[in-house]
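Colleague: I would like to learn how to read a sheet and a pocket in a model. Could we go through one together?

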Amino acid sequence: MPTLESGEEMRIVVGISGGSCGIYGVGLLKVLQELNIETHLVVSTMGEYVVKHECGMDLDELKGLATHYHNNKDLAAPISSGSFKTNGMIIIPSSMRTLAAVANGISDNLLTRAADVTIKESRRLVIVPRETPLSVIHLENMLKLAKMGVRIMPAAPGFYHQPETIEEIVSIIVGRALDQLDIEHNLLKRWGGV
C-alpha cells in the first residue's frame with residue numbers, strides 16, 4: 001500500500017470541474033475506492049451538473065465514492081491548508097475556467113485553493129483538461145502550469161490497447177493519471193508488457 005509517511009495511508013484530493021467527461025472523475029473515484037486510498041473530493045457546480053448529465057449520477061451518489069467530501073464553497077476545509085498533508089491532487093476533468101484559475105493563482109473556491117496549496121507545497125498536481133480545439137489562451141495556461149511542474153494530461157486516450165468498451169477507454173485515462181502519482185494499478189495493458 002502506498003504511504004503518505006511511514007505508517008500513514010495514501011491520501012489523494014480529487015477535483016471534478018465542469019469540463020465534459022465527468023465519467024473519468026467517476027472512474028477515478030471508483031478505482032481509488034477499490035485500492036483503499038483515502039480520497040478528499042471537491043466538485044464545482046458545473047462539475048456536478050456534468051456528472052449528472054453525462055453519467056446520470058447525482059451529488060449524493062458521487063459523494064458515496066469518496067472517503068471525504070468537501071463543499072466547493074468551504075474555504076476552511078482541511079484541503080485548503082498546506083499543513084493538511086496529501087500525496088497530491090488530480091483534477092479530472094478540468095474545465096478551462098478551472099485550469100485558468102489555477103494557472104493564475106485565483107483561489108476563489110475550494111477546488112482552486114486546494115490546487116494552489118498542492119502547487120505551493122510542491123506536491124504532485126495532475127490536471128486532465130477536456131476542451132477542443134484549444135485556443136492560445138488555453139495553451140498558454142497549460143504551458144504556465146507545466147513550467148511549474150503540474151502534469152497536464154489531456155483527456156485523449158490512446159488506442160494501441162484496442163479498447164472495446166467505454167469502460168476500457170476510461171480505464172486508460174484513469175490509469176495514466178494514477179501513473180503520474182506512482183499509484184500501482186492494473187487498469188491498462190502496458191506497451192511492450194507481457
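Modeller: We can; keep in mind that this model is predicted. Strands of a sheet pair through backbone hydrogen bonds, either parallel or antiparallel. In this case six strands make an open sheet, ordered E3-E2-E1-E4-E5-E6, with parallel pairing.

Colleague: Which strands stand at the edges, each with a single partner strand?

Modeller: Those are strand E3 (68-70) and strand E6 (151-152); each has a single partner strand, so one side of each is left without a neighbour in the sheet.

Colleague: How many bridges join strand E1 and strand E4?

Modeller: Four bridges, in the parallel sense, between E1 (residues 11-16) and E4 (residues 88-94). For a register point, take valine 13, whose bridge partner in E4 is methionine 89.

Colleague: What does helix H7 touch in the sheet?

Modeller: Helix H7 (residues 166-180) packs on the sheet and touches E4, strand E5 (125-129) and E6. The direction of H7 makes about 155° with that of E5.

Colleague: Now the pocket. What is the volume of the largest pocket?

Modeller: About 230 Å³. Its lining has 13 residues, and Ile23, Gly27, Lys30, Glu167 and Val170 are the closest to the centre.

Colleague: Which elements give two or more residues to that lining?

Modeller: Helix H1 (22-34) and H7 do. H1 gives the most, with six residues.

Colleague: How do the residues of the lining divide into nonpolar, polar and charged?

Modeller: Eight are nonpolar, two polar and three charged.

How values were computed. Residues numbered from 1 in each chain as written. Predicted model: local features only at pLDDT ≥ 70, side-chain atom pairs only at ≥ 80, totals over all residues. Heavy atoms only, no water. Pairing = 2+ DSSP bridges. Contact = heavy atoms within 4.5 Å. Axes fitted to C-alpha atoms, helices over the stretch in contact; angles between N-to-C directions. 1 Å grid on protein atoms, 1.4 Å probe; cavity = no way out; pocket = protein on both sides within 12 Å on 5 of 7 lines; lining within 4 Å. Points joined across faces, edges and corners; volume = space filled by probe spheres on them. Nonpolar A, V, L, I, M, F, W, Y, C, P; charged D, E, K, R; others polar.
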